[in-house]
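Trainee: I am new to this one, and I would like to understand the reasons behind the words people use for it. Could we go through them together?
Mentor: Gladly, let us take a look.

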Number of protein chains: 2
Amino acid sequence: MSDDQTTSAVVLAGGSGTRFWPLSREAYPKQLLKIFGNQTLIQATLSRISPLIPQDQIHIVTNPQQAEQIKLQLHPAPNFITEPLGRNTAAAIGLAAITLYKKNPNGIMVVLSADHFIRNENILLEQIRLGREIAAEGYLVTLGAKPTRPETAYGYIKTGAALPHFSGGHKVERFVEKPDREKALLYLQNEDFLWNTGMFVWKVSVILEEISRYMPTLAEGLKAISEGGGPIQDIYASLPSVSIDYGVLEKSAKLAVIPAAMGWEDVGSWNALDEILPKDEAGNIIIGNVVNVGSSNSVVYAHNRLVAVVGLTDIVVADTDDATLVCSKDAAQNVKQVVEILKTKKSEEHRIHKTVLRPWGSYTVLEEGVGYKIKRIMVHPKSRLSLQSHTKRSEHWVVVCGTALVTCGESLYKIGANQSTFVPMGVKHRLENETDEPLQIIETQCGAYLGEDDIARYADDFGRVAPATAG
Amino acid sequence: MSDDQTTSAVVLAGGSGTRFWPLSREAYPKQLLKIFGNQTLIQATLSRISPLIPQDQIHIVTNPQQAEQIKLQLHPAPNFITEPLGRNTAAAIGLAAITLYKKNPNGIMVVLSADHFIRNENILLEQIRLGREIAAEGYLVTLGAKPTRPETAYGYIKTGAALPHFSGGHKVERFVEKPDREKALLYLQNEDFLWNTGMFVWKVSVILEEISRYMPTLAEGLKAISEGGGPIQDIYASLPSVSIDYGVLEKSAKLAVIPAAMGWEDVGSWNALDEILPKDEAGNIIIGNVVNVGSSNSVVYAHNRLVAVVGLTDIVVADTDDATLVCSKDAAQNVKQVVEILKTKKSEEHRIHKTVLRPWGSYTVLEEGVGYKIKRIMVHPKSRLSLQSHTKRSEHWVVVCGTALVTCGESLYKIGANQSTFVPMGVKHRLENETDEPLQIIETQCGAYLGEDDIARYADDFGRVAPATAG
């Protein structure tokens, strides 16, 4: 492979966190969660392809807010291609393609999702290697997973004739919508049907050509963005919001597919855990602080609080600090409706967790009542919050672990465990952890208004100057 | 009715709070809960019989701990007959009978349970009036409810011949164990079968005679208690633990039963709510902060936290601050197994709620971590905690509402909202609310040991001097 055909990975990470609620939230979608082990889904995605694609060739397409959270998880930070808002996969892939094209018009891009599970990672790598060879010949290569069950939640691809020069590659006969159970059973028995994984390999130039051919409006918008022809926010908002499958692939004559048994799963809903995590003898997946009396084939995901399940069959229970989901497995796809309802009710439980991560550490709202709010605040070693003040609240701090360096007005002093201090309303203050150990404080805020937006920042290690986010 | 046949009510309130977990706890069983409206079950029980039996003739049989909680709910406080430990209904009724016999050997007692629901309270009162007449003739009268469905969770009574002199009264042919579904269907079609409500009317002297006849060991124990023949704790522990039905009624020749359609339900498990509370068009009972997408015939009982249910059928979800139950309706009787498991695991979630009621107010543990514990403390107007000290913790108090009068060592001072104070380890202190408004403080405890038993009391308005309970 010649140098100018450098392979880049484009990881789509724009998930909205609706179907894995309440574990995922709008501000903290599932790719940021450790669902299967020690790594979050996005960490696993990157480490999985690291044998093939160097870190500096990895590009993550996401929104600015999620980019902040992803940076906390990935070291060194990869490249980010930030979308001002979500416009489905055609726009996201197009934006990535024009970005990569500028760097190298002959490059190859591998499109991956941040929320897939792949059991046999070596087979994926083999597929990508083969895909690269086929893509170099001008094909749009999709990766197809051999079905292992009559899944109705996935789209399918029907393979056509074998490619002439590549053992393992096929033409694509057609894309198939998510089938009903009956059709899915037929597809399972027919070798020609593969699950459409949404992973692709192609030359940057070829996908851009095909976008121009089948989605001229998108192509024009991308050109305008590329040439700086207006605010990206406005241009991006005007792009068509369709999937790359529907907008381009289903129409293109350049399609190829590589079938493989890589143990792929889209972690698209709570049901997906069934295919991935180990089960007890009654078919349950039980994680956390759970008491089970006679349940079967159920998924119980507890966190700190106690969850007791009695006599359940085919039920998903997911508990978090501020919200609990109980869902029939049959209806797991409808969890997103819960999120929609919460949005219309202007609740917060669809948007954020009780614990909010910050570059300096994290805070957890323990309770909010009339006139007060209690937070547990954790500050990483050698980190500090911004120098800030509030117009409508004062704060009482009790150190429960570690040592705090406190700036309060003109004073600078240290307080340790079992010591407290008071930050009056309007006074400039800063909380800092100079030590090598974590610092934990309990903050009791008092005031008539306790919103996170009551903050003026005067200095910050993380470049935050707008009155937008707490700490 | 002559004066010496005064009617007393004996309310059995010794429930262990296992089948309504997590709403009920060992220290806070279901009779103390507002399950159906503005009154707790025990409040409803007493107000229901108030037209017939004066407050000073009501006797509640319970353990000392629950008596404390019940006193907080009933004003004026009724009479208490405290059992040192639970020994089933024969012992509880026997203890009540000897207590009443001393006051009036010719009296009549009505035995009620603190955890029943009765829709048609007037019919109950009519039954009790009739029961009193029949009991005056020497019968042991049980109240029978006409079945409205093939219930398998209740015991039945088969009626015999009509009593000669009392319209509405019958002899009892036999007691019937909880039936299977098939038998329950037969019973429903046969007018002779009634639900055994566990409510009774009899002369105190007659039940004591029958106890002597059929349970001589119990009779001896009761005599020893009555005559002060040893520590009640020891005697009571040695009493047989059987139900009055099994120990006496099933054997007695003096039985009578009064059938009536009073809309009676034993609030014995979560399923009972189905028979009592109104349902939505899909058959759900939904209470609290709940989002429902497509569930049917389910019971969802939420508290503060958000509970989302999706596509459930015949499921009970009960959420509290520290624990969540999800249970198939079929298995509602097995909830008590959860409590057993928690006991063996030495968890606390079967025993207490996060919010613990005290005579002076209440406290809620908001969080407990290594070296610290955070409580929200509410002090009633004109109330105060004991003068106390702790050997292993200090306390930081922030007033968030109201005004606190603080004793700390030799100092006495007031702090208001947004003010704080510090109580060092070992220092005698007291928290008092002199005002007419509630006082709320946030307490952050710091120390190596934070158990509620680290307390020495020097003065207390509620007669608590032992180092047993917090505050």
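Mentor: Keep in mind that this is a predicted model. The domain assignment divides chain A into domain 1 (3-266), domain 2 (272-344) and domain 3 (355-459).

Trainee: How do you know how many residues of domain 1 of chain A and domain 2 of chain A take part in their contact?
Mentor: Residues are in contact if their C-beta atoms, placed from the backbone, lie within 7 Å. The contact takes 10 residues from domain 1 of chain A and 14 residues from domain 2 of chain A. On the domain 1 side, 6 are nonpolar, 1 is polar and 3 are charged. The C-alpha centres of these two domains are 29 Å apart.

Trainee: What makes the two copies related as by a two-fold rotation axis?
Mentor: Two copies of a chain are related by a rotation about an axis and a shift along it. Here a turn of 180° and a shift of 0.0 Å along the axis lay chain B on chain A, with an RMSD of 0.1 Å. The copies are therefore related as by a two-fold rotation axis. In chain B, the C-alpha nearest that axis belongs to B:L366, 3.3 Å from it.

Trainee: Why do we say that the copies meet through the same surface?
Mentor: Because 100% of the interface residues of chain B are also interface residues in chain A. In numbers, 50 residues of chain B are in contact with 50 residues of chain A. The largest share of chain B's side, 6 residues, comes from strand 17 (residues 323-328) of chain B. By class, that side has 29 nonpolar, 14 polar and 7 charged residues.

Trainee: How do you know that strand 15 of chain A pairs with strand 17 of chain B?
Mentor: Pairing needs at least two bridges, and 5 bridges join strand 15 (residues 306-310) of chain A to strand 17 of chain B, running parallel. As one example, A:A308 has B:L325 as its bridge partner. Strand 15 of chain A also pairs in the parallel sense with strand 13 of chain A, over 4 bridges.

Trainee: What makes strand 13 of chain A and strand 12 of chain B edge strands?
Mentor: Each pairs on one side only. They belong to an open sheet of 6 strands with mixed pairing, in the order 13(A)-15(A)-17(B)-16(B)-14(B)-12(B). Strand 13 covers 290-293 of chain A, and strand 12 covers 285-287 of chain B.

Trainee: Which helix lies across strand 13 and strand 15 of chain A together with strand 17 of chain B?
Mentor: That is helix 11 (residues 335-344) of chain B, running at about 135° to strand 13 of chain A.

Conventions. Residues are numbered from 1 along each chain as its sequence is written. Chains are lettered from A and ligands numbered from 1 in the order in which they are written. This is a predicted model: local features need pLDDT of at least 70, side-chain atom pairs count only at pLDDT 80 or more; totals for chains, interfaces and linings use all residues. Domain bounds come from an automatic or database domain assignment. Two residues are in contact if their C-beta atoms, placed from the backbone, lie within 7 Å. Ala, Val, Leu, Ile, Met, Phe, Trp, Tyr, Cys and Pro count as nonpolar, Asp, Glu, Lys and Arg as charged, and the others, Gly among them, as polar. Copies are superposed by least squares on the C-alpha atoms of residues with pLDDT of at least 70 in both. Helices (H or I, at least four residues) and strands (E, at least two) are DSSP runs, numbered from the N terminus. Axes are lines fitted to C-alpha atoms, for helices over the stretch in contact, and angles run from 0 to 180 degrees between N-to-C directions.
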